[in-house]
Amino acid sequence: MVPKIRRGSRTHGLLVYLYGPGKRDEHTDPHLVGSWDGFAPDPGRDTSADPDPKVTLARLTAALDLRVKQAGTAAPAQHVWHCSVRTEPGARILTDAEWDAVARRLVHAVNLAPEGDPDGCRWVAVRHADDHIHILATMVRGDLRRPRMNYDFKKAQAECRRIEKELGLRQLRPGDGTGAKTPTSAERFKAERTGRPEASRETLREAVRQAIAGAADEHEFFSRLREAGLRVQTVALPSGDLRGYKVALPGDRNRLGEPVWFSGSTLAPDLSLPKIRRRLADGSSDEDAPAAVGGSRTDWSPPARARRTATEAAERAATVLDRGDDEAAGQLPAVGEILDAVAQTSPASIRAELRAAARAFERATRSHVRAERADTRAVRAAARGIVQAGTALGRGEDGGTTAMVVATLVLVVVAAARWHSARGHAQQAEAARRTAEHLRAAYRQAATGPMQALREQGSTLSGAERHRHESTIRTVLADSSLPPSTGSRSDALLATLAQAEAAGYNPESLLEKATDLRELDTADNVDDVLVWRLRRLAQLPAHPGAARRPEASTRRVTALEPARPLRNPAPVTPNTNPVRRPPRR
């Protein structure tokens with residue numbers, strides 16, 4: 001149940017809208033379900049006194065505004081309190097009597113009309129659809145004083161959570177005031193009218209987030225915004241220093257023909273220029289940022305190397321989240337940058353799921369917890385490397401390393417969900433869980449090719465070699481209190497251990513190192529996680545059947561471009577010959 005509160009000064013104008021046909025003739029059977037005394041005239045159904053609904057509406061307006069007129073100049077300029085209350089899609093349809101009870105509880109909760117107070121404010125509840133009502137109240141009491149209504153939105157939210165529980169409705173997650181503003185009805189209607197898939201606010205929010213991902217400084221950030229096709233306007237102080245910025249979509253204009261601008265802070269609380277500057281300063285993605293060993297081979301393409309580096313950086317971020325202290329709050333926006341970077345540059349076949357994951361995780365990056373000494377250089381440098389490396393192919397080493405980094409990101413966002421849950425951040429924890437679902441869907445598609453190739457290689461191992469590596473797996477996983485691998489799913493792990501041994505590594509020591517990196521209890525498939533860790537630690541190809549590919553295009557996909565499927569992807573032929581490397585020193 002979602003309350004939305006506004007204030008205004010035109011009682012009659014709001015009533016005309018509530019009892020009218022709506023902006024798109026969506027209002028059906030407008031009528032009162034409740035009022036301050038239960039006897040207010042109803043322009044929708046009350047025809048006994050006068051058959052003309054306009055006359056009845058004028059009477060209702062006069063009754064609601066009576067105390068406002070009596071108070072004169074002491075009345076507030078914006079004396080109309082308007083609260084729409086909507087049930088979730090798919091929820092059962094409430095009766096008029098239930099909506100009346102909801103309205104009475106809300107005006108009591110926000111101190112407009114406390115139960116049993118004869119001087120409470122006058123109010124009505126109008127229903128013109130199955131799933132919501134509108135509460136209109138005039139904010140002058142019977143004793144001509146103003147009601148004390150501090151924190152009315154928070155109180156309405158809390159009361160809605162109690163009502164949901166009592167009526168058996170799905171309980172929404174309570175917020176903490178750090179969520180991004182949702183599009184208004186006017187913005188949604190405009191998007192539908194102009195043929196856009198979503199409101200301009202949402203498209204711009206994603207584009208600004210993508211521009212921040214790994215940006216080195218303000219100049220690069222603003223350059224990326226313009227490259228993405230946005231209109232950008234900076235706001236300067238008298239000294240010439242920048243105070244803020246505004247963005248607009250090309251062709252998005254108001255009725256006066258002017259661009260519809262959105263400042264960063266109106267898109268999301270963390271997209272204001274001061275907060276972007278703080279993020280750039282805390283995690284400056286410079287040349288001194290720690291480099292990951294996984295990206296050191298030069299025979300892999302830039303996207304593949306960048307994804308290996310990001311995998312190691314994400315593992316470190318997950319370790320910080322597992323500690324559970326406040327410093328983890330600083331890692332969340334940086335992890336969000338990796339998600340944005342991967343979504344921009346991944347194959348078209350999984351881009352939609354990755355974009356959905358990045359959008360969902362955006363809510364999980366913000367809370368009131370502040371990290372004092374967060375070092376996000378490695379994570380932001382990894383995001384920068386992904387963006388600069390360009391778009392990855394959906395096959396070969398690029399496809400394999402995409403599966404590798406996505407598998408790791410699943411564990412990171414699960415750790416983020418646990419971190420938020422421990423602090424009571426219900427909305428952020430739910431957002432992280434939704435992110436994990438999108439990432440799992442993307443992973444299943446990205447990992448199909450490389451995992452199938454590894455299983456085929458594992459199935460061709462000799463009996464003695466297979467037995468030796470199975471014994472290693474049983475020993476290490478038993479020591480780690482993890483369930484042993486069984487069936488064909490372990491073939492990929494067996495093939496990886498065999499290839500690591502051929503490259504000069506001790507399989508048991510390498511597997512122990514992989515299991516010790518961090519916990520595996522939250523992994524959906526322990527085998528897959530271990531395969532990717534082992535292949536990164538031993539610098540084995542992520543796709544064993546992949547040939548070396550040419551340099552990738554540095555072009556990245558922006559939020560303004562739709563995801564397109566790959567055309568005739570080349571088939572991948574597994575190579576059963578392991579890659580041999582000199583022993584590790």
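Biologist: Let's start with the sheet that holds β6, β7 and β8: in what order do the strands lie, and how do they pair?
Modeller: In this predicted model, the order is β6-β7-β8, the sheet is open, and the pairing is antiparallel.

Biologist: What makes β6 and β8 the edges?
Modeller: Count the partners: β6 (231-236) and β8 (262-263) each have a single partner strand, so each is left with one side that has no neighbour in the sheet.

Biologist: How do you know that β7 and β8 pair?
Modeller: Pairing asks for at least two bridges. Strand β7 (residues 242-248) is joined to β8 by 2 bridges, therefore the pair qualifies. One contact point to look up is Val-247, whose bridge partner in β8 is Phe-262.

Biologist: Which helix packs on this sheet, and how is its direction set against that of β7?
Modeller: Helix α7 (residues 218-227) does, touching β6 and β7, at about 15° to β7. That is under 35 degrees, so the two count as roughly parallel.

Biologist: On to the sheet of 5 strands: what is the strand order there?
Modeller: The order is β1-β3-β5-β4-β2, again in an open sheet with antiparallel pairing. Its edge strands, β1 (2-8) and β2 (31-35), pair on one side only. From one strand to the next, the twist averages 20°.

Biologist: How do you know that β2 and β4 are paired?
Modeller: With at least two bridges needed, the 4 bridges between β2 and strand β4 (residues 123-127) settle the matter, so this is an antiparallel pair. Ser-35, for instance, has Val-124 as its bridge partner in β4.

Biologist: Which strands does helix α1 touch, and what angle does α1 make with β5?
Modeller: Helix α1 (residues 11-19) touches β2, β3 (80-86), β4 and β5 (132-138), and its direction makes about 165° with that of β5. That value is over 145, so α1 and β5 count as roughly antiparallel.

Biologist: And how does helix α2 run relative to β5?
Modeller: Helix α2 (residues 53-71) lies across β4 and β5, at about 45° to β5. This falls outside the parallel, perpendicular and antiparallel ranges, so it counts as oblique.

Biologist: Why is α10 called roughly antiparallel to α11?
Modeller: Helix α10 (residues 302-323) and helix α11 (residues 331-345) cross at roughly 155°, with axes that come within 10 Å. The angle is over 145, which makes α10 roughly antiparallel to α11. Their crossing is left-handed.

Biologist: What classes of residue make the contact of α10 with α11?
Modeller: There are 8 nonpolar, 2 polar and 1 charged residues. Among them are Arg-307 and Ala-310 of α10, and Gln-331 and Leu-332 of α11.

Biologist: At what angle do α3 and α4 pack, and how far apart are their axes?
Modeller: Helix α3 (residues 96-109) and helix α4 (residues 152-167) pack at about 145°, with axes 9 Å apart. α3 passes α4 in a right-handed crossing. The contact includes Glu-98 and Val-102 of α3, and Lys-155 and Ala-156 of α4. By class, it has 7 nonpolar, no polar and 6 charged residues.

Biologist: Lastly, what does the pLDDT say about the chain?
Modeller: The protein chain averages 85, and 87% of the residues score at least 70. Over residues 285-295, though, pLDDT is below 50; that stretch has 24 contacts in the model beyond near neighbours in sequence. Residues 547-554 also stay under 50, and the model has 15 contacts for them beyond four places in sequence.

Terms used:
Residues are numbered from 1 along each chain as its sequence is written. This is a predicted model: local features need pLDDT of at least 70, side-chain atom pairs count only at pLDDT 80 or more; totals for chains, interfaces and linings use all residues. Side-chain values use heavy atoms; hydrogens and water are left out. pLDDT is the predictor's confidence in each residue, from 0 to 100. Contact means heavy atoms within 4.5 Å. Axes are lines fitted to C-alpha atoms, for helices over the stretch in contact, and angles run from 0 to 180 degrees between N-to-C directions. A crossing is left-handed if the near helix is turned anticlockwise from the far one by less than a right angle, and right-handed if clockwise. Ala, Val, Leu, Ile, Met, Phe, Trp, Tyr, Cys and Pro count as nonpolar, Asp, Glu, Lys and Arg as charged, and the others, Gly among them, as polar. Angles under 35 degrees count as roughly parallel, over 145 as roughly antiparallel, 65 to 115 as roughly perpendicular and the rest as oblique.
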